[in-house]
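Q: Hello! I am new to this structure and would like some help finding my way around. Could you take a close look at a single part for me, once it is on display?

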Amino acid sequence: MTSKRLFANLCSENRKRRLWPAALSIAGNFFAQIVYAILMCGVYDRRLLSKLTIIGDVQNEYVTKIAGFANPCVLLIVCGLAFINALQGFSYLFDQRTSDLYGALPVKREKLFDAISLNGVILFVIPYIICHIFVMILGVSKGYLPVSRIPFCIGGALAIIICYCLVYVVCILASVMTGHVVVAALAVFVFMVAGPAIEYIIQCYMLKFMFSYYVSGNWPLNDYISPLWIIFKIANETTYNMKSTIPAAAVLPVVIAAVLAVVFYILCRYLIKKRPAEAAGKAISFKITKPFIKCIISVVVTLYFGLLFWEISESFLGFIFGIVCGLVITHAVIETIYEFDFKASFTHFDTLLISTGVVAIIVMIFLFDPFQYDTWIPRTDRVVTSAISTNYGTGNSYVPSWDGYGTRDVSGYQMKYMKLTDQNSLEPIAMAGARYTKAQRLKNIFDNYAYEYSTGDDDNKSFRSVNVRWDLKDGRSVYRRFSVDFSDKDIFSNFEKIFDSDEYKYGTFGLMNASADEFKSLNYSDLEGYHDLELKTEDREKLIEAYKKDILNQKLEQIKNEKPLIELNLTNPDLAREYSEDRYGIVVYPSYKNLLKFMEDNCISTDWKSGLDSTYNVKVSVYADMNNIEWETSDKEEIKALLDGSMPDSLAYNTFNDDNDATNYWMNVEAHSEYGISNIYLRITDIKKMPEGFRKAIEDYEKKYVDGASIKTGNTGWVSLVSNQ
Amino acid sequence: MIKAENLSKKFDDIDAIKGLDLTIEDGQVFGLIGTNGAGKSTFLRMAAGILKPDKGSISIDGKEIFENPEVKEDFFYISDDTAFFSNTTPAEMASFYQRIYKNFSMQRFVELMGKFGLERNRKISTFSKGMKKQLSVILGICAMTRYLYCDETFDGLDPVMRQAVKSLFAGDMAARNFTPIIASHNLRELEDICDTVGLLHRGGIILSKNLDDAKADVHKLQCVFRDDESKERACKQLCVITEENRGKLYTLTIRGTEEEIEDIMRAESPVYMEMLPLSLEEIFISETGVEGYDIKKIIC
């Protein structure tokens, strides 16, 4: 019998044994694609008729979430069917009788493996493609899938098939490495979660023990540590790039998925050849892997146990207890699974000892930091460029996040884009942080003191969290986070030098690097209400230019004594439907002469109190623990005094001066003016400037409820909204 | 010819087969005898290429069996615990084997299923244990391979069916190059079918001998001696393996040729003398006795 004919015969015979998975695949694809698409078309029809959406949005959603990769139902059946098809197809590996039947046949194991594997893929792919074609036809006929977007859907289908193959092959690997269906299912779970679990426990231990550890975003390989993560990555990239013909960012993960699927397939093929027939019915096929698997699972689970008990007990002793529990429990459970016998818990103490040793070494490394991770800073001659980020002095800059989520993460922007060349100013700051870490770390670990550590516990000092990035000459970028006392004059003067440098400014104030087409509109709020105006391109260019000049002229010594005037928000409404229209934010200070001139020229308010003259009545509601303090005035002088002693909360946070007079009282002010009613959320910054009647209302409250505490330290919460009367 | 040399296989810490040397010639029925755990199934699974030997080798005509499809086309393996795909019928199983074994005879399958009274399109799961064994043998025969490995196949067959299977084997052996290899823990089951028997014990082969040769060398004699002196003289000259008596009637198992024994006995002029047929068990008692084993403890 020729080899090809035998292979065809094997495939054909194997298909006869896989009728129920085939039926399941057909049903799964029918419901996940066709039924889901029909249901969603109904939803789209209704939403379009009700004008709740526009056709462009529907088309984007149809392309990605119905006929594309990010269809959640399809992703679910991809994982489910891959699991079922793999375990059912290779179920003969779990049963000695069937295993012997196949083993005695005049067929190479690899050939049998190829035939069964191929059938498992066909079982999914054929129903999937048929249903997918129907979904595309439905989309085109309804007008929800433009013909030009069909390549996107075909690419998505190809990615789905590749991801199915990857999950399927991983499930086969679990089947080959085990000899019992339940253990195989557990192995699939381990393969899916082991990578993320290990990554997460490393992260947790770094955060718990290494006080200078900086979470610098996802390590690029983190997206590929589990087949499920790869699928999520492709789904995310497909969704974010829904408008492109083929989402380029999704191509790399798809290629990686394909390469991994091939690599795992080759590995499975090799293992099936080496797999002893007597493994059928046993927990683990390859005896040699038993201690390794046990040790890896034991160590990871034990480390989790330690952390869990530490968190519960808030004591280091709890951590030790958790470690001991973890070791004993994992040893007993794994040995019981290995031998299918509870009595086996009392055997193989050698591997328990090895696991204990590994855990002890890991804990010691984290505890005593023998590699000096926590206190390491590079020599300045090894550094090419660097970056520093702290919450001091960055409040006057808002930047769009580069990841497209619309968050305004200035710190992240600084760590990504700042290129400082003056290492001599940065080194003393990092050095001070490292010294403080060294002095405090063991005390903080044993006292479970991590949070307080980052801000410092000495009232006379002003600790700030400082993030540092060094780009080394060897190409590595190293990140650290330190707590540094900014009340130290040397530290502050070094930071001042950095702050005043152009490199720092270009790495902090994102608008300096922006182009005019990144935003379209400008909005702000003042006493007159909310204002939104569209800017012409030349105005936008002028705005950037004015801002750039002001920031380059900005000196820390000067700006720290200024109070911000108003906050401007630059937006791009075109992006609103995708994530957020917010782009850049500017907090305007009195020293920003060029910007203020631009604002005046364009009739933009230069003060948040603009409209004060026409305000004839304010209603104030101050939130306090026990009872809201309500106050109202129509006296112009009192209104002015009230606003002079307060500031919009966002601006209050943006002051450079730590020692400002801001209280812990917030209030909602409903200002009635000739322009209408506007609500503004203010923080009381100077109680002495407040109108007497208002001050008395606060003092009465404090006398009654706060037990003599001053307004400066009063413990209050958030403002409740006042009703529009 | 199947040849095992220094064959060894361990399961965890247990030696299932240990240094086994065995040759199975073609054209005979080979019986593999041994108690439970003696290593019969392990040997057959290695001979079928299911298990890989830890040490030594097992080959057919000098070609290793494990992972060698060309060689594996020469045999069909019937396991102790008959295995069929779930929810299948005999016809579907035959169709499966037809696609795998190039010489599989579907015509013969249909014919034998009829002869054995088995329904081709009935679900195998509804078959009795004996019917499943019959089906296994039929499928094995129809595969038309040179060797047929039967692991405890006769266990569960009724005497009529056992006889039918034996005649089936005999017919095939006469018609083509066919060598059934039958493993069993029951000596009596193999007595009238095997040409050669190998005795396995604790993973090693104690002996492997052609039954005709063994029978030619050992005889069972029933006699009444003239007197005690006459018995003493005869026994001194004869190589008596076992001796039983009921009054004056002695039953002796004697090693030696029939002519030698008759000559010695005639010289003593016994009152009564008759050569009786030997059972397989008696042959083995004599053979293993020579090797220093107590057969009663080795076989049932």
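What follows is one request and one connected answer.

Q: Please look closely at chain A: how do helix 4 and helix 6 of chain A pack, and how do helix 8 and helix 11 of chain A pack? Some words on chain B afterwards would be welcome too.

A: Happy to help! Please keep in mind that this is a predicted model. For the complex, the predictor gives an ipTM of 0.87 and a pTM of 0.82.

Let us begin with a word on how such pairs are described. Two packed helices are described by the angle between their axes and the distance between the axes. For helix 4 (residues 72-89) and helix 6 (residues 109-142) of chain A, the angle is about 150 degrees and the axes are 10 Å apart. Angles over 145 degrees count as roughly antiparallel, and therefore helix 4 and helix 6 of chain A are described that way. The crossing of helix 4 of chain A with helix 6 of chain A is right-handed. On the helix 4 side, Leu81(A), Asn85(A), Ala86(A) and Gly89(A) make the contact, and they meet Ile116(A), Asn119(A), Gly120(A), Leu123(A) and Phe124(A) of helix 6 of chain A. Sorted by class, this contact has five nonpolar and four polar residues, with no charged ones.

Helix 6 of chain A also turns up in the surroundings of helix 3 of chain A. In helix 3 (residues 55-66) of chain A, the buried residues are Val58(A), Glu61(A), Tyr62(A), Val63(A), Thr64(A), Lys65(A) and Ile66(A). These buried residues pack against helix 6 and also against helix 2 (19-49), helix 7 (150-177) and helix 9 (227-240) of chain A.

Now for the other pair. Helix 8 (residues 181-209) and helix 11 (residues 289-313) of chain A have their axes 10 Å apart, at an angle of about 40 degrees. Helix 8 and helix 11 of chain A are therefore oblique to each other. Their crossing is left-handed. Helix 8 of chain A brings Ala197(A), Ile198(A), Ile201(A), Cys204(A), Tyr205(A) and Lys208(A) to this contact, while helix 11 of chain A brings Val300(A), Leu303(A), Tyr304(A) and Leu307(A). By class, nine of the residues in the contact between helix 8 and helix 11 of chain A are nonpolar, one is charged and none is polar.

Let us move on to where the two chains meet. Chain A gives 18 residues to the contact and chain B gives 20. On the chain B side, helix 2 (69-72) and helix 3 (90-100) of chain B each supply at least two residues. Helix 3 of chain B has the largest share of that side, with three residues. By class, the side of chain B that touches chain A has ten nonpolar, eight charged and two polar residues.

Chain B as a whole has twelve helices and 14 strands, and 39% of its 300 residues count as buried. The mean pLDDT of chain B is 88, and 95% of the residues score at least 70. Among the elements of chain B, strand 6 (residues 75-78) has the highest mean pLDDT, 95, and helix 12 (residues 295-298) the lowest, 54. Where pLDDT is low, the predicted coordinates should not be read in detail.

Finally, here is a loop residue to look up in chain B. Asp12(B) lies in the loop between strand 1 (2-11) and strand 2 (14-24) of chain B. Asp12(B) is not a glycine, yet its phi is positive, near 55 degrees. Asp12(B) counts as exposed because it has 8 C-beta neighbours inside 10 Å.

Definitions and conventions
Residues are numbered from 1 along each chain as its sequence is written. Chains are lettered from A and ligands numbered from 1 in the order in which they are written. This is a predicted model: local features need pLDDT of at least 70, side-chain atom pairs count only at pLDDT 80 or more; totals for chains, interfaces and linings use all residues. Axes are lines fitted to C-alpha atoms, for helices over the stretch in contact, and angles run from 0 to 180 degrees between N-to-C directions. Helices (H or I, at least four residues) and strands (E, at least two) are DSSP runs, numbered from the N terminus. Angles under 35 degrees count as roughly parallel, over 145 as roughly antiparallel, 65 to 115 as roughly perpendicular and the rest as oblique. A crossing is left-handed if the near helix is turned anticlockwise from the far one by less than a right angle, and right-handed if clockwise. Two residues are in contact if their C-beta atoms, placed from the backbone, lie within 7 Å. Ala, Val, Leu, Ile, Met, Phe, Trp, Tyr, Cys and Pro count as nonpolar, Asp, Glu, Lys and Arg as charged, and the others, Gly among them, as polar. A residue is buried if 20 or more other C-beta atoms lie within 10 Å of its own, exposed if 12 or fewer, and partly exposed in between; C-beta atoms are placed from the backbone. pLDDT is the predictor's confidence in each residue, from 0 to 100.
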